[in-house]
Amino acid sequence: MTQSFLALDSASFILPDGRILFSSLTEQFDTRRTGLVGRNGAGKTVLARMLAGELEPSAGRCLRPASLYYLAQHAGQDGAATVAELAGAGPVLAALERIEAGGTAPSDFETVGDAWDIRQRLAQELERAGLAGLALGTPAAALSGGEAMRVALAGAALRDPDFLILDEPSNHLDRAGREALARQLLAWRKGLLVISHDRELLGIMERIVELSGQGLRSYGGNFAFYEEVRRQEQDGAARQLEQARLALRRDEHERRDQRERQARREARGKREGKTANQAAILLGGRKERSEGSAGRLRLQHEAAREEGTRAVREAAERLREDAAVRIHAVADAAPAQRRVASLEDVVLPFARAPLDRISLSLGGRQRIGIEGPNGCGKSTLLKVLGGALAPLAGRASLPARVAWLDQRLGSLDPDRSTLQQLLERNRRVGQDMLRTWLVQLGLDAQAVQRPSGLLSGGERLKAALACELYADEPPELLLLDEPGNHLDLASLAALETMLNGYQGALAVVSHDSVFLERVNLTHRLRATPEGWRLL
């Protein structure tokens, strides 16, 4: 019987520029469904590729089972030409076609092996993925991102490996796709490692492993258990930080008192030396002893200060970076009773009936989550609400100030810094105050000066929101299209904090049910077989 486990033995990885990404990792991944989490840039994808054998560790080793399948991010963007190739069945199907055409090449028979029924089995997997009837020769480029990921997942199930590694498999999946993925993973009985920021998907894991600058740490439970343990750890770290700061201040007071007492003794000694009738050699000895005592005291103080500072630094490092994220209070954008958008018998471009028609009215405090399958017209609806797209028929009344943030955050100029762009939007508050507000959002002094195109996904989203919310005239209606895509857990928490601090009307498209639960929606607008329905 084969073993379905992966193991790291003192594994390290050094980047081409010489930076150590992680070092001396020792961990075993078994048949428990395991979620791998960590900040963007921590090295999760590099670790996955190393576990899969695509990269070799700079030191240490990886132990792998006989068969392993790694599904990377961005399925469909790896050069696959057809659905069959995207599912990893291209070579086998090609060899089978040559045999069926009368070919007798031994290499083709070796390639097919026992997979004579591969067409039927792949069709079954595609049907389970909600893609029944999809032709194997369909160009991969014709698929949406979600469809491409579902085809790749079907190919993974077809292989039935001893160990399966998935990197952000729920990205681009709609609600139906995410539910199908969850069912597939719940039925998986072999080794499984899932890299994800999808909190709902992480909720069905049996173990969470976190990768950070301190290495790998295993939490023996699902995401809810991980969150609770991390919350307790952060509460403890905050208490330790406060205690370390108090101890540092107390020790500094004591050292100052000691210095003052020493200075008084030295001053008294100098006065007595001027009036005392003592031999020069005795006075010199007293001076040397005094200077020696002062020197030892200074060294002791420096050592104590360094120790106190180290304790504060270590306590601070145990706090998560998102712990201090706060949003500056934004002025009320519009009265609750004011209508900020109205669609009357609007016909949406590109949408199919019955979802091509909608009537909708939004008030100044409404917060709407827009839900529905990929391709139903959610993004088109946002564009119409934002005035970026005209309806084919009907009347769109959009009297409010609107901010529309698409998935690519096109409102940001990638060549200019966040601070430059915010200063243009806010001329009432000085630069120092704006910097303070940005720091409170988790954008430090270096980040706000870099071109926004060089920021991480989470930083860019914070920057785009800051430029809108902190403008002289903040938006009365904020439109967001899948804002949580590609954000790590800390950035998601920061985004939720920002949106909960916003007092205007909100319409957000998302497939992330946990995110929608945490942003205090007043309504949900769902795409149903009967049309749009406001709940």
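**Figure 1. Helices and strands of the whole chain.** The chain holds 17 helices and 18 strands in this predicted model. Of its 535 residues, 46% are buried. Among contacts with a separation of 6 or more, 69% link residues 24 or more positions apart.

**Figure 2. The antiparallel sheet of S2, S1 and S4.** Three strands form an open sheet in the order S2-S1-S4, and their pairing is antiparallel. Strand S2 (20-29) and strand S4 (59-63) are the edge strands, each pairing on one side only. On average, neighbouring strands of this sheet are turned by 15° against each other, direction ignored. Strand S1 (residues 6-14) runs antiparallel to S4 and is joined to S4 by four bridges. One residue pair to locate in this view is Leu 8 and its bridge partner in S4, Cys 62. Helix H1 (residues 44-52) lies across S1, S2 and S4, and runs at about 125° to S1.

**Figure 3. The hairpin of S8 and S9.** Strand S8 (residues 207-212) and strand S9 (residues 215-219) run antiparallel and are joined by five bridges. The hairpin passes from S8 to S9 through two residues. Ser 212 has Gly 215 of S9 as its bridge partner.

**Figure 4. The antiparallel sheet of S11, S10 and S13.** This open sheet has three strands in the order S11-S10-S13, again with antiparallel pairing. Strand S11 (357-363) and strand S13 (393-397) each have a single partner strand, so one side of each edge strand is left without a neighbour in the sheet. The twist from one strand to the next averages 5°. Four bridges connect strand S10 (residues 339-347) with S13 in the antiparallel sense. Within this pair, Ser 342 stands opposite Ser 397 of S13. Helix H11 (residues 378-385) packs on the sheet and touches S10 and S11. The direction of H11 makes about 125° with that of S10.

**Figure 5. The surroundings of Glu 371.** Glu 371 belongs to strand S12 (residues 367-371). With a relative accessibility of 17%, Glu 371 counts as buried, because the value lies under the 20% limit for buried residues. Its C-alpha atom is separated by 6.4 Å from that of Val 509, although the two residues are 138 residues apart along the chain. Leaving aside neighbours within four places in sequence, Glu 371 is in contact with Lys 378, Arg 524 and Arg 526, among others. The remaining contacts of Glu 371 under this condition are Ser 510, Leu 516, Leu 525, Ala 527 and Trp 532.

**Figure 6. The parallel pair of S14 and S15.** Strands of a sheet pair through backbone hydrogen bonds, either parallel or antiparallel. Here strand S14 (residues 402-405) and strand S15 (residues 477-481) run parallel and are joined by four bridges. Val 402 stands opposite Leu 477 of S15. In a regular strand the side chains alternate between the two faces of the sheet. In S14, Ala 403 and Leu 405 make up the covered face, while Val 402 and Trp 404 make up the uncovered one.

**Figure 7. Leu 405 and the largest nonpolar core.** The largest nonpolar core has 36 residues. Those with the most contacts inside this core are Leu 405, Leu 465, Tyr 470, Leu 478 and Leu 480. H15 supplies the largest share of the core, seven residues. Leu 405, which lies on the covered face of S14, touches Leu 461, Ala 464, Leu 465 and Glu 468, among others, when residues up to four places away in sequence are not counted. On the same basis, Leu 405 also touches Ser 411, Leu 478, Leu 479, Leu 480 and Asp 481.

**Figure 8. The packing of H15 on H16.** The axes of helix H15 (residues 457-469) and helix H16 (residues 489-501) come within 10 Å and cross at roughly 10°. The two helices H15 and H16 are therefore roughly parallel to each other, since angles under 35 degrees are classed in this way. On the H15 side, the contact is made by Gly 458, Leu 461, Lys 462, Leu 465 and Ala 466. On the H16 side, the contact is made by Ser 491, Ala 494, Leu 495 and Met 498. The residues of this contact divide into six nonpolar, two polar and one charged. Leu 465 of H15 is also one of the residues with the most contacts inside the largest nonpolar core.

Methods: Residues are numbered from 1 along each chain as its sequence is written. This is a predicted model: local features need pLDDT of at least 70, side-chain atom pairs count only at pLDDT 80 or more; totals for chains, interfaces and linings use all residues. Side-chain values use heavy atoms; hydrogens and water are left out. Axes are lines fitted to C-alpha atoms, for helices over the stretch in contact, and angles run from 0 to 180 degrees between N-to-C directions. Angles under 35 degrees count as roughly parallel, over 145 as roughly antiparallel, 65 to 115 as roughly perpendicular and the rest as oblique. Contact means heavy atoms within 4.5 Å. Ala, Val, Leu, Ile, Met, Phe, Trp, Tyr, Cys and Pro count as nonpolar, Asp, Glu, Lys and Arg as charged, and the others, Gly among them, as polar. A nonpolar core is a set of buried Ala, Val, Leu, Ile, Met, Phe, Trp, Tyr and Cys residues joined through side-chain atoms within 4.5 Å. Buried means under 20% relative accessible area, exposed over 50%, partly exposed in between (1.4 Å probe, protein chains only). Two strands pair if DSSP finds at least two bridges between them.
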